[in-house]
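Reader: Hey, got a minute to walk me through this model? I'd like to start with whatever vocabulary I need.

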Amino acid sequence: MGTRSANSTPNGRSLQQCLHLVGFLDLFGVSMIVPLLNHHMKSLGASPTTAGIIGSCYGILQLFSSSIVGSWSDIAGRRYALITCILISALGYGLLGISINIYIYAVARIPVGIFKHSLSISKAFLSDLVSEKERPHVMGRFNSASSMGFILGPVVGGYLTELQGGFYITSVLCTCIFLINAGLVWMMPQSTDRTNMVTPSSHVNLHNSMPSKSDNPVHASQEFNGVIPNGPAQTLWAQIISVFKKVTGVAFSQMWDIFLVRLLMAVAVMLYYSNFALAMEERFHLTPRMTGYLISYGSTLGALSGFSLGPLSRLYQYNIYTMLLHSSVLTFFSILLYSVAPKMWIVVLSSTFLAFSTSIGRTCIVDLELTLGQKHGSGTLIGVGQSVTSVGRIVVPLFSGIAQEYSPCGPPQIGAVLALASIFLMYKSKSYYDGPAHGKHKRE
């Protein structure tokens, strides 16, 4: 017997709107300052090697912390975890503004590397508020709102950095935006603060997969879909043990194939963009300004594509597996077409299709993870997914560098091969994802 989804209540809609604004401001603030980091490190006297080491350390921190912080949000509660991550990230960006040497700069990147997971927790928060049928549409709108911030942020940051003390002004503004975000989360409606208290009828019944716990109403009230809403009352040691159990539970589950699909597709798209500007100059003699326009065009189209998730889900009858498979096929052909494009108009065409397919694919892969691993908790699943993507960010520079030794088309060609491998893996695992329940089978 289902209840109304949070999306149909005033508080549920207000929470979604607040989280969309949080996502927009988050990427708006970050994208203002991230493009300036390399220039700032150079001004502090850092060598390219030192800058690379600091960047790699940041990636490693993100790799290990995303799963832990995501799982902790399942235990401590979304609101508490989100405010904590935003405030500590604000501290890190504030320290960047006063970094007068490379040592302070390196220290400032540590809190951001560990706690900059506000977008992941926001997605987990949204997934708690809506039914499975509504989730792709809501996630698509959230991704669109966040992407708009990423498009506008570099413009503002580029303007501010031309002023005297521009980096300091930008970092202070970024810090203020994060503090405003923390205030927005604090003031969000309280009635649905206990995560995953909504039990829409379209959700898979948890009691079917955990019969031993369904007879215990006390336990059922404490944990639903892997989330323990009264987490802050636990001791620190109990939270650490719970986080360890949840993360290892996902790591040793049978979801390795969907995470491998995510890794392959992420690396494929990253390889496409890894040398994009340089390849445009070498292959088509395109100026940096025109390349920037092309990148902005793709980013804008990708942001707008998020609004199509609702109609697409209905068109596919909420079969997320098929949507993911078709978007992956489109991604493969787009990357392959770009890698062999003899004319500029073909590059524009491939960029158009790629922006659409990657936007749809990112949302579908998250939704499929949340559906298949529902009992692990959405925070843990999204966190582990982010860790998988972080692995791609670490290996892509190496693959791209080696491929460019042979040809500027090398990175996207390798990306096309990896995209094809992910499609093959999805096809081989079709029985797990597709079927009468449209991919809502539980394999645990």
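Author: Sure, handedness goes before the rest: a crossing is left-handed if the near helix is turned anticlockwise from the far one by less than a right angle, and right-handed if clockwise. Helices (H or I, at least four residues) and strands (E, at least two) are DSSP runs, numbered from the N terminus.

Reader: And what am I looking at, in terms of source?

Author: This is a predicted model, where local features need pLDDT of at least 70, side-chain atom pairs count only at pLDDT 80 or more, and totals for chains, interfaces and linings use all residues. Residues are numbered from 1 along each chain as its sequence is written, and side-chain values use heavy atoms, with hydrogens and water left out.

Reader: OK, how many helices and strands are in the protein chain?

Author: The protein chain has 21 helices and zero strands.

Reader: Which handedness does the crossing of α15 and α18 have?

Author: α15 and α18 cross in a right-handed way. Helix α15 covers residues 288–305 and helix α18 residues 344–372; they pack at about 35°, with axes 8 Å apart. Axes are lines fitted to C-alpha atoms, for helices over the stretch in contact, and angles run from 0 to 180 degrees between N-to-C directions.

Reader: Which residues make that contact?

Author: On α15, they include Leu 294, Tyr 297 and Leu 301, and on α18, Val 347, Ser 351 and Phe 356 are among them. Contact means heavy atoms within 4.5 Å. The contact residues split into nine nonpolar, six polar and no charged. Ala, Val, Leu, Ile, Met, Phe, Trp, Tyr, Cys and Pro count as nonpolar, Asp, Glu, Lys and Arg as charged, and the others, Gly among them, as polar.

Reader: Switching topic: is α4 largely enclosed or not, and why?

Author: It's largely enclosed by the rest of the structure, because 14 of the 20 residues of α4 are buried. Buried means under 20% relative accessible area, exposed over 50%, and partly exposed in between (1.4 Å probe, protein chains only). Over the whole protein chain, buried residues make up 54% of the 444.

Reader: Where is His 285 found, then?

Author: His 285 is in the loop between α14 (276–284) and α15. Its phi is near 55°, a positive value in a residue other than glycine. His 285 is exposed, at 67% relative accessible area.

Reader: And what is phi of Gln 317 near?

Author: Gln 317 also has phi near 55°, positive in a non-glycine residue. Gln 317 lies in the loop between α16 (309–315) and α17 (320–339), and is exposed, with a relative accessible area of 54%.
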